[in-house]
Amino acid sequence: MGALDNFRCRQCGACCRIPDGIVRVSEDEIARIAAYLGMSEPDFIRQECEIAPDRRGLMLRSHADGACVWLTDENRCRIHAVKPDKCRTFPYEWTNADSNEVCPGLRDIRPQCG
């Protein structure tokens, strides 16, 4: 049994509010999200994406405070059904150095992870 077997998402939205957080989107993810929203891919890119800081792809836009534009006031993802793989796989397939500090669910199991 791995440490993450005890992870429970609190649906607090903290992982969606990381300042300077980057959610890169692939061509497939752009197509999937655009279709879900009833938008053309070029319109979705123009309205909802930015060039990543390293200029090696596109990322979803964020608010000035770092919060994802798709996060509601109730901490729900408006594109949950088609959200990017980066969002879908956290924390099971990846974390950042500060993930335990950012995510209360990871803090709950931190002694087991460390």
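1. A disulfide here is a pair of cysteine sulfur atoms within 2.5 Å. With that cut-off, searching the whole structure turns up zero disulfides.

2. Some housekeeping: this is a predicted model, where local features need pLDDT of at least 70 and side-chain atom pairs count only at pLDDT 80 or more, while totals for chains, interfaces and linings use all residues. Residues are numbered from 1 along each chain as its sequence is written, and side-chain values use heavy atoms, with hydrogens and water left out.

3. Why is Cys 77 without a bond? Its sulfur sits 6.3 Å from the closest cysteine sulfur, in Cys 68, and that is too far. Cys 77 is partly exposed, at 29% relative accessible area (buried is under 20%, exposed over 50%, partly exposed in between; 1.4 Å probe, protein chains only). Cys 103 is in no disulfide either, with the nearest cysteine sulfur, that of Cys 12, 6.1 Å away. Cys 103 is buried, at 9%.

4. On to packing. The largest nonpolar core (buried Ala, Val, Leu, Ile, Met, Phe, Trp, Tyr and Cys residues joined through side-chain atoms within 4.5 Å) has 13 residues, and Val 25, Ile 33, Phe 44, Leu 60, Trp 70 and Ile 79 have the most contacts inside it. Apart from that core lies another, of five residues, including Phe 7, Phe 90, Cys 103 and Ile 109.

5. Take Val 25 as an example: leaving out residues up to four places away in sequence, Val 25 touches Ile 30, Cys 49, Leu 58, Met 59, Leu 60 and Pro 84 (contact means heavy atoms within 4.5 Å).
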